[in-house]
Amino acid sequence: MTNTTSPNATSTPHPFAPSLPERRGTGRTMALVFSLAAIVVGLTLYHDAGTEFGWISLVPSLIVLVVAIATHRTLEALAIGSLAGLILLQPSDYIGELADISMTVMMDETIAWLILVCGLMGGFIAMLEKSGCTLSFSHFMARLVKTRRQSLLSTAVLGVLIFIDDYLNALATSAAMKRLTDRFGVSREKLAYIVDSTAAPICVLVPLSTWAVYFAELLETNGATDGSGMALYIQSIPFMLYGWVAMGLVFLVAMGMMPDLGPMKAAEARARAGQPIPDGAPDAGMADADDQTRHTSPWIGVLNFVAPMAVLIGASAYFEIDLLKGVITATLFTIVLYLIQRLATFATLMDAIMDGFRTMMLPLAIVAVGFVLREVNDQLGMTQFMIDALAPYITPALLPAIIFVSMAVVVFATGSSWGVFVISIPIVVPMAIHMGAPMPLVVGALLSASSFGSHACFFSDSSVLSSQGSGVLPMQHALTQLPYTLIGALVTTLGFVGLGYWLV
């Protein structure tokens, strides 16, 4: 790949480096900023203090989408949208409100968990890379996989098999397969699509996943069933249509039966021309790093890759599907395993772990700012507005389809595939009971909306980790997979309309 950076640029870009460092600022960017500022100021003057925001609650999320599409910059788009929402909430003290919400988010247990899990997962994968074990696994798979189609299918199958947690799936599958798909001229964007499609959409279909545990407890707490929440969750699995549709689509894409659409077509053409990694991608420097790793016996190298992965999955399952305890166990196991074989020094492994933490800085920042946006949207009343606005049009037969579409939009706009349902389930469940709608069908619509939002939203944690693990920027991943997620959403909506009229 031709190096187009300036002579003063470093070979490995900083995680926060611009995605297109060669471009200078343009007047279009300034015009966009001033236009958005004028809109926010105008809406602030239009809104009467102390009253509900109504449709204005949608504005911050719309600003995020506009800025992200216009600039291809995820973190900045989220920050601008959050700031716009804070100005609407507290026009006279938005700085103080920003500080308060930022502190609330950073002290949130979920954010602390994410920082530890993602950082340690990044360090764990960096140790596998540094020791040469990832490369050994890639060479081993190359003996079994002989064609481009087989490389895509094996990636999809591996993603389905790692069903315990979408974070684990996103990072482990991409780490295991990206060198192999590079050999067959598969674009990293297509790899990210396959990895992301087998993360949240597959996790919802398996009752032994973190998603099942979380939502089963949420359903039981909110009176969706008189019995076990897990029993209701299992009954709802056949109706989690988006998960089934996404799985079907990804295998059609892997087998070549679904054509490359939109930006994915350009990405695949670039990869076939010999450049699987896109310009500006965070993984651009990794190909050279492979040449510096120590190479062992192929079979030993495969064992040194598979054993830590097996410990990671097994320990996570053993500790009641707790990925944090699983990755701590796997990290300690890997350090001991590699030190015994003298694959690397202790200092080298520690450096690898710190490098892994650094590679996760951008995705963690995106997720943290996404939590700020979610908090802003909650205070603006966005979720409640969406439900209230659609309530007059709801009939028992259309309830599942309306739940899917409305909640999918909310999750896509907020990036919160779990948090939104803490608000919506206490509203949707009594509504479904009152209308006599089958609860498994309603739960299936809710989980379909959650998995779609996690899959399609460009700043959701699952999408960000899939793009990071696959070595592409979040917007590169989001734009190339968008046509497929929209097809999946359309088919899912039609499916819920049909099931609604058939079962209700």
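**Helix packing and buried polar side chains: group meeting talk**

Let me start at the end of a helix. Right after α14 comes Gly274, with a positive phi near 110°. When I say helix, I mean a DSSP run of H or I of at least four residues, numbered from the N terminus.

A word on the source. This is a predicted model, where local features need pLDDT of at least 70, side-chain atom pairs count only at pLDDT 80 or more, and totals for chains, interfaces and linings use all residues. Residues are numbered from 1 along each chain as its sequence is written, and side-chain values use heavy atoms, with hydrogens and water left out.

Back to α14, residues 263–272. Four of its residues are buried: Met264, Ala267, Glu268 and Ala271. Buried here means under 20% relative accessible area, exposed means over 50%, and partly exposed is in between, with a 1.4 Å probe and protein chains only. Why do the buried residues sit on the same side of α14? Because they cover an arc of only 95° around the axis. That arc is taken over the directions from the helix axis to the C-beta atoms. The face turned away from the buried side carries Lys265 and Ala266, both exposed. What do the buried residues pack against? They pack against α7 (148–161), α9 and α25 (474–503). Contact, throughout, is heavy atoms within 4.5 Å.

α9 brings me to the helix pairs. Helix α8 spans residues 166–183, and helix α9 spans 188–197. They pack at an angle of about 145°, and their axes are 10 Å apart. The axes are lines fitted to C-alpha atoms, for helices over the stretch in contact, and angles run from 0 to 180 degrees between N-to-C directions. The α8 and α9 crossing is right-handed. For handedness, look at the near helix: turned anticlockwise from the far one by less than a right angle is left-handed, clockwise is right-handed. On the α8 side, the contact uses Asn169, Ala170, Thr173, Ser174, Lys178, Arg179, Thr181 and Asp182. On the α9 side, Arg188, Leu191 and Val195 meet them. The classes come out as 3 nonpolar, 4 polar and 4 charged residues. Nonpolar covers Ala, Val, Leu, Ile, Met, Phe, Trp, Tyr, Cys and Pro; charged covers Asp, Glu, Lys and Arg; the others, Gly among them, are polar.

Second pair: α2, residues 59–71, and α19, residues 361–380. Their axes come within 9 Å and cross at roughly 145°. Pro60, Ser61 and Val64 of α2 face Leu373, Asn377 and Leu380 of α19 in this contact. The split is 4 nonpolar, 2 polar and no charged.

Stay with Asn377, in α19. Is Asn377 buried or exposed? Its relative accessible area is 2%, so Asn377 is buried. The Asn377 side chain makes a polar contact of 3.3 Å with the side chain of Ser61. A polar contact is a pair of N or O atoms within 3.5 Å; within protein, one must be able to donate a hydrogen and the other to accept it, and residues adjacent in sequence count only if both atoms are side-chain atoms. Leaving out residues up to four places away in sequence, Asn377 touches Ser57, Pro60, Ser61, Met382, Ala413 and Thr414.

Now two serines. Ser448 sits in α23, residues 439–456. Its relative accessible area is 0%, so Ser448 is buried. A polar atom of the Ser448 side chain lies 3.0 Å from the backbone nitrogen of Leu241. Beyond four places in sequence, Ser448 touches Phe239, Met240, Leu241, Tyr242, Phe404, Thr492 and Phe496.

Ser406 is in α21, residues 399–414. At 8% relative accessible area, Ser406 is buried. Where does the side chain of Ser406 reach? To the backbone oxygen of Ile402, at 2.7 Å. With residues up to four places away left out, Ser406 touches Met386 and Leu390.

Last, a backbone detail. Most residues other than glycine have a negative phi. Arg342 is not a glycine, yet its phi is positive, about 60°. Arg342 lies in the loop between α17 (323–341) and α18 (346–359). With a relative accessible area of 68%, Arg342 is exposed.

One distance to finish. Ala112 is in α5, residues 109–130, and counts as partly exposed at 37% relative accessibility. Ala112 and Ala368 are 256 residues apart along the chain, and their C-alpha atoms are separated by 9.9 Å.
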